[in-house]
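Biologist: Could you show me the structure so that we can go through it together?

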Amino acid sequence: MRSKTKNKDRMLIDRVKMPELAAVIRVKHQDREVNMGLELAQAQAEATRCMDCSNPTCIEGCPVSINIPKFIKYIEKGDILMAASTLKETNALPAVCGRVCPLEKQCESRCFYVDKLNKPSVAIGHLERFAADFERNSGASNIADTASPNGIKVATVGSGPAALSFAGDMVKYGYDVTVFEALHEIGGVLKYGIPEFRLPNSVVDFELENLRKMGVKFETNYIVGRTSSFDDLREEGYKGFFIASGAGLPRFMEIPGENFNGILSSNEYLTRVNLMGAATDEKDTPVLRGKNVAVIGGGNTAMDSVRTALRLGAQRAIIVYRRSEAEMPARVEEVKHAKEEGVEFMTLCNPLEYFADAKGRVSGMRLNRMGLGEPDASGRRRPMPIEGSEFELDVDLVVVAVGVSPNPLVPSCLPDLKVTKWGTIIVDEDKMQSSISEMFAGGDIVRGGATVILAMGDGRRAAENMHHYLQNKSIN
Amino acid sequence: MNKIVEKEYFSDKVVRLVVENPMIAKSRKPGNFVILRVGEDGERFPLTIAGADPVRGTITLVVQIMGVSSSKLVALEVGDSITDLVGPLGKPTHISNIGTVLAAGGGVGVAPLLPIVEAFKKAGNKVITVIAARNKDLIILEDEIRKWSDEVIVMTDDGSYGRQGLVTAGMEEIIQREKVDECIVIGPAVMMKFASLLTKKYNIPTQASLNSIMVDGTGMCGACRVTVGGKTKFTCVDGPEFDAHQVDFDEMLMRLGGYIQEEKRATEIYSQKL
């Protein structure tokens with residue numbers, strides 16, 4: 001493919017613009033994706049930009065080491081199904097990653113165009129999504145090969161991206177894999193956390209169906225450690241456990257008035273809307289709606305929450321963030337989409353207190369303005385309150401999206417499991433193995449609130465190492 | 001799984017269901033609850049487990065018809081399955097041989113009180129139970145409570161059964177008569193608030209089982225948060241039982257009203273559909 005087009009011609013092509021649903025339309029719909037996907041011609045033109053470098057630095061930027069030039073060149077050639085297969089070699093959920101990865105910090109930041117030419121990177125994420133969507137829509141059944149079953153049972157605790165990626169690899173190695181999920185739906189944060197307008201649940205369900213076809217078993221409404229104990233599962237023959245129960249414990253700011261009605265954690269808000277369908281009348285679960293909505297936080301969850309509030313009828317949807325926009329951890333694309341949709345950004349502001357009406361429903365908040373001082377432990381400049389800068393804001397709904405902590409359920413059932421003071425499970429970073437030898441862990445339960453792709457990388461590493469551990473054990 | 005094997009109406013508003021779920025029947029302890037969903041459009045809601053038979057593989061739930069979800073549950077018949085059921089959730093009741101235990105149940109709260117009364121009795125305590133409701137129809141499980149209590153006082157607001165008066169009147173009579181070492185109260189939030197204020201006067205350690213609004217029930221969302229001793233706790237993972245004297249009941253009552261408009265509207269639409 002390299003000789004087909006000269007590199008200097010490749011470099012003349014402009015980076016493709018992803019067609020986006022107009023902001024005025026999309027704010028009326030919770031379930032319409034913003035990015036509409038590339039057409040074949042667009043994808044092939046973009047794929048032509050990739051120069052198939054002899055030393056592909058893009059791969060180094062990918063937490064699961066997707067062979068990026070390989071899949072892109074298949075797209076250029078027109079063999080999209082092979083591109084999808086290539087993705088599946090290392091990534092169990094390519095349609096997911098192509099939509100939610102913070103590419104600007106990962107593969108795309110290491111692209112030759114960015115590194116050496118100071119030009120926009122190859123649109124790796126858009127191409128990944130294109131190939132995955134093409135395969136899904138083609139009806140072609142592309143189930144990866146699995147080794148012959150070895151009869152060894154392994155379990156995951158949780159069904160989010162770390163667990164799904166682990167399950168996909170373990171079933172390929174020949175293991176008998178069961179994914180145990182506490183909720184009534186599979187997918188973890190992919191289903192309850194990320195809204196339909198970013199990641200449709202139908203896309204997630206398609207990937208889950210592929211895992212089922214490969215032989216992965218799923219159990220919902222099952223809390224490992226409560227519904228039955230780890231000892232019960234050991235007695236049933238499970239030889240290895242991958243704990244991926246996530247960081248689903250909401251954090252609040254503990255400021256006065258935070259327990260008034262109408263102040264929700266982002267977990268609660270997004271779970272009601274994304275998992276329980278609360279925005280539609282057919283579903284029984286309600287969600288509180290507000291005209292003046294403040295979302296506290298600056299990450300992807302805050303963006304998801306504030307954009308959901310707009311779609312649910314907010315007249316003002318405001319991000320309140322204590323640092324400046326440059327420090328916001330959210331994906332660049334989400335901030336851009338939020339601004340187009342009319343989200344207001346009150347940066348360098350911090351909530352102090354909430355007020356309520358006679359019935360206890362939030363009616364306003366008091367904030368102060370912040371300045372940025374020296375960097376703190378995270379490396380970002382520390383926000384410091386500016387004296388005398390307090391002001392008030394009318395709000396009737398507040399979503400607190402200031403971060404999440406590891407869910408304590410599983411660690412509380414395993415007193416021998418070593419955890420940090422924040423509740424994250426301590427693992428050997430290369431092997432993902434915990435202090436209990438047959439238990440591995442990954443994803444947010446190890447990292448605190450992080451990303452889908454990092455969780456998937458953990459799942460892959462844990463699978464590889466648990467496989468070695470179990471093989472060694474059965475030999476000895 | 002989750003099939004209804006028995007259904008009994010205690011009154012036209014209160015129903016006992018026995019549900020097949022061998023794993024929960026085996027792992028559950030008194031004080032635990034479950035989260036259920038009826039139908040694919042249903043919401044997740046909690047019910048305390050009123051009893052379990054590990055041999056038969058069943059759990060007992062008692063539900064009072066309040067709005068849409070409880071109505072949908074009660075509309076199920078023997079042989080139907082509950083769409084989703086998960087548990088056991090929450091911390092189990094702390095049972096010890098402490099001496100004399102005063103148990104107080106209001107309305108449908110007597111159902112989750114029953115296994116706790118049984119456990120305290122089996123642990124060697126003297127158990128005095130006050131059960132109360134608005135009227136005779138709403139008094140439930142009296143015989144079962146009597147089986148595990150040394151003494152039972154029945155109170156109804158309107159005097160249609162037992163003695164006339166609030167649960168607190170029955171409780172105070174016992175407290176003034178003899179030494180009570182521990183108290184457990186389960187019932188409507190306002191009942192628990194006043195029962196707690198009563199026992200606080202007499203310095204009797206009291207546990208209340210809170211019935212906060214929940215969504216996931218596994219500690220994930222914070223909808224069920226309450227203030228206990230000035231700190232925020234989650235009813236679903238830190239509770240459902242807490243030191244009643246530390247609970248901010250006024251805040252809890254306020255939070256229970258958080259969806260009143262949505263609940264009313266939903267109930268109206270549901271009744272029109274029927």
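Modeller: What follows is a short conversation about an interface and a surface patch. This is a predicted model, in which local features need pLDDT of at least 70 and side-chain atom pairs count only at pLDDT 80 or more, while totals for chains, interfaces and linings use all residues. Residues are numbered from 1 along each chain as its sequence is written, chains are lettered from A and ligands numbered from 1 in the order in which they are written, and side-chain values use heavy atoms, with hydrogens and water left out.

Biologist: How many residues of chain A are in contact with chain B?

Modeller: In chain A 39 residues are in contact with 40 residues of chain B, contact meaning heavy atoms within 4.5 Å.

Biologist: And how many salt bridges does the rule find across that interface?

Modeller: It finds four, taking a salt bridge as a side-chain nitrogen of Lys or Arg within 4 Å of a carboxyl oxygen of Asp or Glu. A:D284 forms a salt bridge with B:K72, and their closest N and O atoms are 2.7 Å apart.

Biologist: Which element gives the largest share of chain A's side?

Modeller: That is α14(A), with four residues, where helices are DSSP runs (H or I, at least four residues) and strands likewise (E, at least two), numbered from the N terminus.

Biologist: Changing topic, is B:V190 buried or exposed?

Modeller: B:V190 is partly exposed, because its relative accessible area is 41%, and the cut-offs are under 20% for buried, over 50% for exposed and partly exposed in between (1.4 Å probe, protein chains only). B:V190 is found in helix α6 of chain B.
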